[in-house]
Amino acid sequence: MAVDPTRTPSHFDLLTQPFRLLRIDPAASKRAVSEAFQLAQEAHTASPGEIQAAHDALSDLNTRLFHELTYPLSCSPTETTAFYLALDNDVPLDDALSFAQSLAPLDRANLLAHLASHRPAPGELLTDLISAQAAIDVNEVYANLKAARQSAELPPPSLANVHDVLGPVLELHLAAALDGYETVWDAAPAMLDCAIQILSAKDTHRWTRLDVLLDNYQSAIDGPRRDAGGFIERVCALLREHPKDVALQERLRESVHLWTSLCRPLLARQLTSGPDVDFDTPLGAIRELIAFLAQAGESKAALAISDASSVIFAAVPTTMDQLSADARLLSRLAETAQLEELSTAIESAQANLPDIIAALESSGFGERSVGPARALWNAFVQTTKIAEPASRELGWKRMHQFTLSLSNAPQAGKAVIALISGLIVYGEANAAPPALLKEMRNSLKFMQSFVGAVPPQSSRKPAAPPAKPVPRRRRLAEVLLGRIRRMGLLRKKSARPTLRRRLLRPLALGAGGLVAIMLGGAAINLSAHWLRGISSDFTSSAATADPPPLARQTKPPVGTGQRLELDAVRYCHFQKERLRLIKQWIKTPEQARHLNLLVVDYNSRCSDFFYRDDDLRQVQTELEANAPRLEFEAKQLIAGW
């Protein structure tokens, strides 16, 4: 990993292989090695030092074995020529990868390791390297070595010796795999892609090799990871003193995003192997900050900070107890903030009585309200959605108290009637406290008799709650409770007038009733009461014809801030819906593991992107129209696990 500019650029270079420098192969005898040495010196095929080092390495049987194992042993002469041609950086990577698939596992691993050490390796290359190493048959390698040594009139190595030397060769492959990246940040997307691909298949041999690669990656990012974590902790300390500083909150969001992007490959491994006690995260400092602000009465600031750090809450596996505690705290914060907003709306209305009276008289109190009446309506409706009954009832009581206060204002009779009428209509449709509803009916009758007017809303049908997106501050609590539903979308204007930016809330990793939550270092099997809304077993349903296929979808590359075309926007929204459906059917830890990896993959590609408004509208229309097909595909996915 080129973190230090003075560091050697590559661990693994087959172009300096001793057999290649001397233009011989492992079947060469000692005499052939000496003759090749003389010819190389005369032809100046390399520097004198390199030629001498090659001769010495092949003259010693112990060091010769290492170089025999890094030579394309299973290749014919023609294939060997093609092998070395494929090492050239001018050869398109796709062509080199295609050629590698025709090679024996050890030869393929050698080729892929060289490619990775000389150019930035995509996730596909890393995955192929892991797979090639896992497929190596030591007995087959030993047989090839014996044949070569026999031709060279040299004693064969023991099988144990081959084992002992092959291990360091494979270790060198995985160390070199990180050399082609300019910085550790460049390696993160490919490492995540590789980790997801390997962990998705339950292959212990490949998992073992992946562990080595991820351990190397963890060592490479140790410095930047600790720096990013330390910066997060310093920002948290500043936010204790200045909790409402928007610039500090944004710096926290950016630093959390950087830390999480760097660490996602390691966090993906923890979903299957359990939390790493030696892998420290800044989550503790963020939790302490949120708890501190909650205790200090800064509920809005605490919620803003929880929202800014939502990506790390979603990414870091945690225990069930901690998850429940996070959810309870954030729920309380959301409830407090919603009640505070209602109080603020009421205070604003009281401070501007002529405006609120005029707005209520002209538009009533409901979905069609305008101006200050609409602001009051929005704040009130949010409090009626609070989960805690006592807090929910408090919202109703505050509104009732406001109606009593408003009734004392001059010329406010019609406005009070409109306000109470709207509260009653909404309360009848949404289970308002019975005693309070009765009291409001009595107040309405009194005001009607006093004013002699018919309430403007008396002939209307019961109003349904406004179809507003759930406020951002409530989403993290919902994520932690395992409610992966259709979540609201935040649009942020970009510099390009024809594009908008989609910041999709990262789907939960290990939330509430979901999956792979680690306790005591091992994955726990969640009991049935945590799995909410599980449908009946879809495998027992009657066979039906396959729904028609969906329009073209293109999986975006790993990354954020990308400009996505229609096909990729469609993939992100369709995949989100498939994952939401799959979550309902999870019944086993193995299915949960697969879902977690899909969620990690989705978050790495679709959490932040630019899109065209027309594309979004088209995809939203297609999403509803293709619901049967998406459900069918979700069932196909889980059936394959």
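Select Asp601 and Arg605 in this predicted model. Their side chains meet in a salt bridge, 2.9 Å from N to O. Both residues sit in helix H25, which spans residues 589-606. They are four residues apart, about one turn of the helix. Both Asp601 and Arg605 are buried.

Now add Asp193 and Lys555 to the selection. Together with Asp601 and Arg605, they are linked in a network of salt bridges.

Next, go to Arg149 and Glu68. This pair forms a salt bridge, with the closest N and O atoms 2.9 Å apart. The contact links distant parts of the chain, 81 residues apart. Arg149 belongs to helix H9 (residues 138-151), and Glu68 to helix H4 (residues 61-69). Colour both by accessibility. Arg149 has 2% relative accessibility, so it counts as buried, the cut-off being under 20%. Glu68 is buried too, with a relative accessible area of 0%.

Move on to Asp211 and Arg269. Here the closest N and O atoms of the salt bridge are 3.2 Å apart. Again, the pair links distant parts of the chain, with the two positions 58 residues apart in numbering. Show helix H12 (residues 204-241) for Asp211, then helix H13 (residues 246-273) for Arg269. Is each partner of this pair buried or partly exposed? Asp211 counts as partly exposed, at 33% relative accessibility. Arg269 counts as buried, at 11%.

Finally, zoom out and display every salt bridge. The structure holds 27 of them.

Definitions and conventions: Residues are numbered from 1 along each chain as its sequence is written. This is a predicted model: local features need pLDDT of at least 70, side-chain atom pairs count only at pLDDT 80 or more; totals for chains, interfaces and linings use all residues. Side-chain values use heavy atoms; hydrogens and water are left out. A salt bridge is a side-chain nitrogen of Lys or Arg within 4 Å of a carboxyl oxygen of Asp or Glu. Buried means under 20% relative accessible area, exposed over 50%, partly exposed in between (1.4 Å probe, protein chains only).
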